[in-house]
Amino acid sequence: MSFIETDEQKALRAAVAKLAAKYNFRDYAGPKARRNEPFDELWDEAGKLGFLGVNLPEEYGGGGAGIYELALVQEELAAQGCGLLLMVVSPAICGTIITKYGTEAQKQEWLTTLADGSSKMVFGITEPDAGSNSHKITTTARRDGEDWILNGRKIFISGVDQAEAVLIVARSENAKTGNLQPALFIVPVDTPGFVKTKQEMDIIEPDNQFTLFLDEVRLPATALVGQEDAAIAQLFAGLNPERIMGAAMAVGMGRYAIDAAVKYAKERAVWKGAPIGSHQGISHPLAQVKIELELAKVMMQKAAFLYDSGDDFGAAEAANMAKYAAAEASIKALDQAIQTHGGSGLTSDVGLAGMLAASRIARVAPVSREMILNFVSQHSLGLPRSY
């Protein structure tokens, strides 16, 4: 395993960075986010350039690379303040699950359009009463002849208004035992009985969150992804990429913050004409967050490498650690960047304070820092399970 990137990966970084500079936070992403408008222009151009489907199979129009490369794309976009939240769910979670477990017809229908960005699929797992406990999911799927009938409710589902379908995590009844077990279904957003309601959020974000209601939603047998009794493995096939992509977005935001702070610290002079960056009270905190951010990035790269190599358990440990470390480092980087700017760090002209709430999301989604600590305590340290 090497973290020295190949020439192809370096070229991909450079190409994405060039695109991201065009859609930077000050000129594009910030104003769009404040108007609560999705980054459609960036998404469309990234799709045409092949960046959104870089991890999907070549035979379906993807780049044939891995989650490492997709995380690289996310990181470089976020480093210019224009990270794409729906990259986490559409090509990373949904694209990965369909690639591994979908039928040929599902791959032909969905992977080809997810790869070029012409369609989006979002992920529906979270429920009001289940929280982080996927075993308490109450959305059910029952058979009716050849069809499936879904009933239930989901909450905090990102980007439903931009998507053509939602990959819903439901629970079906085992015919032999009567026990409920996870099952995954592709639900087009125009299906009768499927209702979305926008949730009002108190942060600056381009993407909306939704509560979903599924009332006797009838789906054909072809909506089921994979086996109805094997969805635990299928579900976790998408969760490791989710954590890696979340880490990539946090790392990128942290880079954006540090770059802004360093630029200002080199230019701003208050005492005797010396730039404030020459004072250890400014330079040391920035150096510290730079170190912490780089450590998080290395763990993210390790997680992506292990996942692409097929080491699912090793990837799970590394992906959880990467997501935890990146979230903490990103928040700290933004906070320190604002502090470096003083009062001007709170202005819209500088464009840092508005990102602080967005970076804060990484502590609670897609999995809370407490659940990551539970995972590490139990699986890495071998301590008794606490929940």
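Helices, here, are DSSP runs of at least four residues, numbered from the N terminus. With that term in place, the second largest pocket of this predicted model can be described. Helix H2 (25-34) and helix H7 (231-267) each contribute at least two residues to the lining of this pocket. The largest share, 6 residues, is supplied by H7.

The second largest pocket encloses about 380 Å³ of space. Its lining consists of 15 residues, of which Arg26, Tyr256, Ala260, Lys263 and Val350 are the closest to the centre. By character, the lining residues comprise 6 nonpolar, 3 polar and 6 charged. Because domain 1 (7-119) and domain 3 (231-380) both give residues to the lining, the second largest pocket lies between these two domains.

Attention may now turn to the aromatic rings. The structure contains 4 aromatic pairs. In one of them, the ring centres of tryptophan 148 and phenylalanine 185 are 5.1 Å apart and the ring planes meet at 65°; planes over 60 degrees apart count as edge-to-face, so this pair is edge-to-face. The pair links distant parts of the chain, since tryptophan 148 belongs to strand S3 (residues 147-158) and phenylalanine 185 to strand S5 (residues 180-188), 37 residues apart. Tryptophan 148 and phenylalanine 185 are both buried. Elsewhere, Tyr23, Tyr28 and Phe39 are joined into a cluster by ring pairs.

Aromatic rings also meet charged side chains. Lysine 120 places its charged end over the ring of tryptophan 43, 4.6 Å from the ring centre. Similarly, arginine 385 lies over the face of tyrosine 387, at 4.3 Å from the centre of that ring.

Methods:
Residues numbered from 1 in each chain as written. Predicted model: local features only at pLDDT ≥ 70, side-chain atom pairs only at ≥ 80, totals over all residues. Heavy atoms only, no water. 1 Å grid on protein atoms, 1.4 Å probe; cavity = no way out; pocket = protein on both sides within 12 Å on 5 of 7 lines; lining within 4 Å. Points joined across faces, edges and corners; volume = space filled by probe spheres on them. Nonpolar A, V, L, I, M, F, W, Y, C, P; charged D, E, K, R; others polar. Domains from an automatic or database assignment. Phe/Tyr/Trp six-rings, centres within 6.5 Å; stacked < 30°, edge-to-face > 60°. Buried < 20%, exposed > 50% of the residue type's maximum accessible area, 1.4 Å probe, protein only. Lys NZ or Arg CZ within 6 Å of the ring centre and 35° of its normal.
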